[in-house]
Amino acid sequence: MAIKVRTCKLFKKTAEAYAKNKQVKDKLAEFIRVKTENPQNPFGSKDRPFTREGNLSGYVHAGVSFDVSVIYKIGNVNGEKTLDLYGVFSHDELGIGQPASIKRQKSNAEKLDNQALA
């Protein structure tokens, strides 16, 4: 099954911020490999959609370290499956840390929604 990987400016910016963290960098590469081989396979136990009622609804997050997740969607463009990568964030950066920040979640949802994938 072929799958096209698409990224956006936000993904590139946030992935670059974690580029010096070997664990995150290696796990991110492994995540992309696993998802391109079979997008339905979960990437560990922390690969799940955000709740439908939440501010980040519609996006999926997978843990690439204890506190860092990659935000993505599996899509379909012209009959071709896509792995759409939106960003790499800590729980606090996303607003899902302890305590949660609804304001930060809403701000991030708006940023994610406005990204152009290529």
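**Close-up views of helix H2, Ala 62 and the overall fold**

**View 1. Cover over the buried residues of helix H2.** Helix H1 (9-17) is part of what covers the buried residues of H2, and so are four strands: S2 (47-49), S3 (60-63), S4 (68-77) and S5 (80-90). The model shown is predicted. The covered residues are Val 24, Leu 28, Phe 31, Val 34 and Lys 35. They lie on the same side of H2, because their arc around the axis is only 130 degrees.

**View 2. The other side of H2.** Three residues are exposed here: Lys 22, Lys 25 and Glu 37. Lys 35, by contrast, belongs to the buried set of the helix.

**View 3. Length and start of H2.** Helix H2 takes in residues 22-37, 16 residues in total. At 1.5 Å a residue, the expected span is 22 Å. The C-alpha atoms at its ends are 23 Å apart, which agrees with that expectation. At the start of the helix, Asn 21 turns a side-chain oxygen towards Gln 23. That oxygen comes to within 3.2 Å of the backbone nitrogen of Gln 23.

**View 4. Ala 62 and its surroundings.** Ala 62 sits in strand S3. Its relative accessible area is 0%, under the 20% limit, so Ala 62 counts as buried. Neighbours within four places in sequence are left aside in the list of its contacts. Two of the contacts are phenylalanines, Phe 31 and Phe 43. Phe 31 is also one of the buried residues of H2. Lys 46 and Asp 47 touch Ala 62 as well. The remaining contacts are Val 68, Ser 69, Val 70 and Tyr 72. Leu 94 lies 32 residues from Ala 62 along the chain, and their C-alpha atoms are separated by 13 Å.

**View 5. The whole chain, for orientation.** The protein has four helices and five strands. From the N terminus, the order is β-α-α-β-β-β-β-α-α. The radius of gyration is 13 Å, close to the 13 Å that the globule rule gives for 118 residues, so the protein is as compact as a globular protein of that length. The C-alpha trace spans about 40 × 30 × 25 Å along its principal axes.

**View 6. Burial, contacts and surface.** Buried residues make up 41% of the 118. Among contacts with a separation of 6 or more, 51% join residues 24 or more positions apart. The exposed surface of the protein comes to about 7,100 Å². Carbon and sulfur atoms supply 50% of that area.

Notes. Residues are numbered from 1 along each chain as its sequence is written. This is a predicted model: local features need pLDDT of at least 70, side-chain atom pairs count only at pLDDT 80 or more; totals for chains, interfaces and linings use all residues. Side-chain values use heavy atoms; hydrogens and water are left out. Helices (H or I, at least four residues) and strands (E, at least two) are DSSP runs, numbered from the N terminus. The expected span of a helix is 1.5 Å times one less than its number of residues. Buried means under 20% relative accessible area, exposed over 50%, partly exposed in between (1.4 Å probe, protein chains only). The arc is that of the directions from the helix axis to the C-beta atoms. Contact means heavy atoms within 4.5 Å. A polar contact is a pair of N or O atoms within 3.5 Å; within protein, one must be able to donate a hydrogen and the other to accept it, and residues adjacent in sequence count only if both atoms are side-chain atoms. The radius of gyration is taken over C-alpha atoms; the globule rule is 2.2 Å times the number of residues to the power 0.38. Accessible areas come from the Shrake-Rupley method with a 1.4 Å probe; for residues, only the protein chains shown count as cover.
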